There are 2 protein chains.
Amino acid sequence: MALMLKDIYTRLLERGHKLTPQRWAIIAIFLMNRGRHLSADDVYSMLKETHPNNGIATVYRTLELLEEIEVLKKLDFGDGRARYEVRDEDNHHHHHLVCQSCGKIIEFEDDLLGALEMAIERKTGFRINDHVAKFFGTCAECQAKEAAQS
Amino acid sequence: MALMLKDIYTRLLERGHKLTPQRWAIIAIFLMNRGRHLSADDVYSMLKETHPNNGIATVYRTLELLEEIEVLKKLDFGDGRARYEVRDEDNHHHHHLVCQSCGKIIEFEDDLLGALEMAIERKTGFRINDHVAKFFGTCAECQAKEAAQS
DNA sequence: ATGATTGCAAAGACTTTGCAGTCTC
DNA sequence: GAGACTGCAAAGTCTTTGCAATCAT
C-alpha cells in the first residue's frame with residue numbers, strides 16, 4: 001500500500017529523529033507530488049511559498065535523511081542535479097524512459113528485471129538490494145514531430 | 001570487434017575535428033585501460049605523467065568530444081563525478097554491479113534487457129537508443145566478511 | 001593561412017559544513 | 001533540559017567558460 005505520513009513519522013522516531021515543521025513540510029511536498037522527480041531546488045522553491053525562512057541546507061539535509069530512512073529514492077537523470085521520488089511499495093518496480101529530444105521522463109511499470117537479478121545473484125554471488133534502469137531514446141510525440149518535419 | 005585507434009581517428013576527421021597530442025594521449029589512456037571506469041581526474045592524473053602541462057579543462061573538453069563521437073560512454077555511479085568507459089561493440093551489453101560495502105564495480109555481461117526494451121517499445125511507442133542498468137548490493141567477498149564477523 | 005584547440009584562471013552549479021541560536025521530545 | 005535541528009554564510013567539489021596564444025591540417 002501507499003506510504004503514508006504516519007509510517008514516515010514512525011520511522012523517524014524509531015531512529016531518534018525529530019519531526020520538525022520543516023521536515024513535515026518537505027514530506028508533504030513529496031506526498032502531494034507523488035510520481036514527480038523533484039530536485040533539491042524544486043523542493044526549496046515550493047517550500048519557500050509556505051516557509052519563506054527555510055534554508056536550502058535544510059532541504060539537502062532533509063532529503064538525505066529521508067533517503068536514509070528509505071522514504072525517498074535518489075535518482076539521477078544526468079542533468080547535473082539529484083532528483084528524488086517517494087519510495088512506495090506500489091512503486092517499487094518501474095523504470096524511467098528519458099526522452100533525449102524533449103527531456104520528458106516517462107515511467108514504465110515492469111518486473112522483468114527480477115529475472116535478471118536472479119540470474120546475476122546466481123552467477124556472481126552478488127547480493128542485490130536495489131537496481132536502477134534507465135532507457136534513453138525518443139518519445140512517441142517527438143517521433144511524430146520528427147516525421148512531420150521531414 | 002574492438003574499437004581501435006584508426007577508427008577513432010577516422011571519426012574525428014569525418015566530423016572536422018583535429019587529432020592533437022593531448023587527444024591522442026587521452027585516447028591512449030582509455031585504450032590502455034579498457035574495462036576501467038575513469039573519472040576526469042583519473043585521466044588528468046595519468047595524463048600529467050606524460051604531459052605535465054596539460055590542463056584539466058582539456059581533459060573535460062576531450063571527454064565530451066569523445067562521448068559525442070561515441071568513443072566513450074559516460075557513466076554515473078553516484079559518487080559525484082562522471083566516469084567514462086570505452087564504448088565497444090563487444091562491450092555493448094553489460095551492466096554494473098555496485099558493491100555498497102567496498103565500492104567495487106563488477107561487470108555483468110547480459111542481454112536480457114533486449115527483451116525488456118522490446119516490451120517497452122511495443123507498449124509505449126518510445127524508441128530506445130541506449131540503456132543503463134545498475135544493481136546495488138553486496139559483493140561475494142563482502143558477504144563473506146560479514147559472515148566471518150558475526 | 002585559418003579555424004580548431006589549448007592552458008590558465010575565473011566563474012558556475014550543485015552540495016556540504018561550521019556554528020550559534022532554536023526547538024522537539 | 002539535552003541533544004537534535006535550523007539558518008546563514010562560507011567552503012568544497014566537480015565542471016564549464018572566456019580569452020589570448022598555439023597548433024593541426
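How many residues surround DNA strand C, and which are the closest? In this predicted model, 22 residues surround the strand, and the closest are A:Tyr60, A:Arg81, B:Lys18, B:Arg23 and B:Thr58. So much for the names; let's look at what they touch. Of the strand C atoms within 4 Å of the protein, 70% belong to sugar or phosphate, and the rest belong to bases.

A few contacts show the phosphate side of this. An N or O atom in the side chain of A:Arg81 is 2.4 Å from a phosphate oxygen of DNA strand C. From chain B, a polar side-chain atom of B:Thr20 lies 2.8 Å from a phosphate oxygen of strand C, and one of B:Asn54 lies 3.4 Å from a phosphate oxygen of that strand. If you'd like to find the elements involved, go to α4 (56-68) of chain A, plus α2 (21-31) and α4 (56-68) of chain B: each supplies at least two residues of the surface near strand C. By class, that surface divides into eight nonpolar, eight polar and six charged residues.

Now swing over to DNA strand D. It has 21 residues around it, and A:Arg23, A:Thr58, A:Arg61, B:Tyr60 and B:Arg81 come nearest. Here 72% of the strand atoms within 4 Å of the protein belong to sugar or phosphate, with the rest in bases. A polar side-chain atom of A:Thr58 lies 2.4 Å from a phosphate oxygen of strand D, and for B:Tyr60 the distance to a phosphate oxygen is 2.5 Å. B:Lys18 reaches a base instead: a polar atom of its side chain lies 3.3 Å from a base nitrogen of strand D. Two or more residues of this surface come from each of α2 (21-31) and α4 of chain A, and α4 of chain B.

B:Arg81, one of the residues nearest strand D, is worth a pause. You'll find it in the loop between β2 (72-76) and β3 (82-86) of chain B. Leaving aside residues up to four places away in sequence, B:Arg81 touches B:Ser39, B:Leu75 and B:Asp76. B:Ser39 is 42 residues from B:Arg81 in sequence, yet their C-alpha atoms are 6.7 Å apart.

Finally, away from the DNA contacts, there's the largest nonpolar core, with 24 residues. Those with the most contacts inside it are Leu116, Ile120 and Phe135 of both chains, A and B. β4 (94-99), α5 (113-124) and β6 (127-138) of each chain give two or more residues to this core. A:Leu116 shows the two chains meeting: among the residues it touches are B:Phe108, B:Leu112, B:Leu113 and B:Phe135.

Notes
Residues are numbered from 1 along each chain as its sequence is written. Chains are lettered from A and ligands numbered from 1 in the order in which they are written. This is a predicted model: local features need pLDDT of at least 70, side-chain atom pairs count only at pLDDT 80 or more; totals for chains, interfaces and linings use all residues. Side-chain values use heavy atoms; hydrogens and water are left out. A nonpolar core is a set of buried Ala, Val, Leu, Ile, Met, Phe, Trp, Tyr and Cys residues joined through side-chain atoms within 4.5 Å. Buried means under 20% relative accessible area, exposed over 50%, partly exposed in between (1.4 Å probe, protein chains only). Helices (H or I, at least four residues) and strands (E, at least two) are DSSP runs, numbered from the N terminus. Contact means heavy atoms within 4.5 Å. A residue is near a molecule or strand if one of its heavy atoms lies within 4 Å of it. A polar contact is a pair of N or O atoms within 3.5 Å; within protein, one must be able to donate a hydrogen and the other to accept it, and residues adjacent in sequence count only if both atoms are side-chain atoms. Ala, Val, Leu, Ile, Met, Phe, Trp, Tyr, Cys and Pro count as nonpolar, Asp, Glu, Lys and Arg as charged, and the others, Gly among them, as polar.
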